[in-house]
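Biologist: Could you take me through one part of this protein up close? Pick a spot with a charged side chain and tell me what sits around it.

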Amino acid sequence: MKRFTRTRTRTRTLALTAAVLSGALVLAACGSDDKDKSSAKASTSVSAPAAASAPASASASAPASAGAFNDADVMFAQMMIPHHEQAVEMAKEAPAKGADTEVKKLAATIEAAQAPEIKLMKGWLTTWGKPTSAPGGMNHGGGMMSEADMTAFKASTGADFDRRFLTMMIEHHNGAIAMAETELAQGVDPAARKLAEQIKSSQAAEVQQMRQMLTAMGGSTPSTPSMPGMNH
């Protein structure tokens, strides 16, 4: 009987020991699992900002290549720069002298689009090792306004200014579109050709808009686009 009691006591002791060991193992496993999850979570939180700060895609207005251009590309930039500069000069007059809200909005759009393009084209010419202005005596493409035109334009105000702005800018845009078409036919630089395509598309849309605005004001619209090589 005493021996039987001893055996039962030993069996209970072993069972309790096994239970304690089993519990310890479970707790250790849970602790390890939690630690791994915490490490993974910490790793994720550290790497997240790196992904968020990844650089954005390259700008659509990429710089021109120093080795992939021809004379048509150079002439396109040299002629379009002063052409754009005159358009920006005209657009800057609208806030103070225009009467029509839509004319003022259009002028702001033209200035915002063409001012950065001037900087872009000057950068191309510098990269190509060419002067940023055309050689003396070269005209600046069709649609350019004469000094007399600009003087009369700047002296106008109100509804008269609005009509002059639209009439002159339609002709100015048509000249730029013709220059862009020449670049697309003869130029080889990818960036210059892409800008020419953008100018042709955006300014053609603006010409249609300005024709509608001018008709609504009772003005007549220019019907014959200016061609490259022809001064106004």
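**A close look at E206**

Modeller: From the N terminus on, the elements of the protein chain run α-α-α-α-α-α-α. Keep in mind that this is a predicted model. In total the chain has seven helices and zero strands. Of its 232 residues, 33% count as buried, and E206 is a buried one.

So let's zoom in on E206. You'll find E206 in helix α7, which covers residues 190-216. Despite being buried, E206 has no salt bridge. The nearest side chain of opposite charge belongs to R211, and that is 12 Å away. For a salt bridge, the nitrogen would have to lie within 4 Å of a carboxyl oxygen.

What does the side chain of E206 make a polar contact with? The partner is the side chain of H173, at 2.6 Å. H173 also turns up in the list of residues that E206 touches, along with L106, T109 and I110, once residues up to four places away in sequence are set aside.

That kind of long-range touching fits a wider pattern in the chain: among contacts between residues at least 6 apart in sequence, 83% join residues at least 24 apart.

For a second buried spot, try M144, in the loop between α4 (101-128) and α5 (147-155). M144 counts as buried because its relative accessibility is 12%, and the cut-off is under 20%. M144 and M168 sit 24 residues apart in sequence, with their C-alpha atoms 8.9 Å apart in space.

As for the outside, the chain exposes about 13300 Å², with carbon and sulfur atoms supplying 59% of it.

Definitions and conventions
Residues are numbered from 1 along each chain as its sequence is written. This is a predicted model: local features need pLDDT of at least 70, side-chain atom pairs count only at pLDDT 80 or more; totals for chains, interfaces and linings use all residues. Side-chain values use heavy atoms; hydrogens and water are left out. Helices (H or I, at least four residues) and strands (E, at least two) are DSSP runs, numbered from the N terminus. Buried means under 20% relative accessible area, exposed over 50%, partly exposed in between (1.4 Å probe, protein chains only). Lys and Arg count as positive and Asp and Glu as negative; His and the chain ends are not counted. A polar contact is a pair of N or O atoms within 3.5 Å; within protein, one must be able to donate a hydrogen and the other to accept it, and residues adjacent in sequence count only if both atoms are side-chain atoms. Contact means heavy atoms within 4.5 Å. Accessible areas come from the Shrake-Rupley method with a 1.4 Å probe; for residues, only the protein chains shown count as cover.
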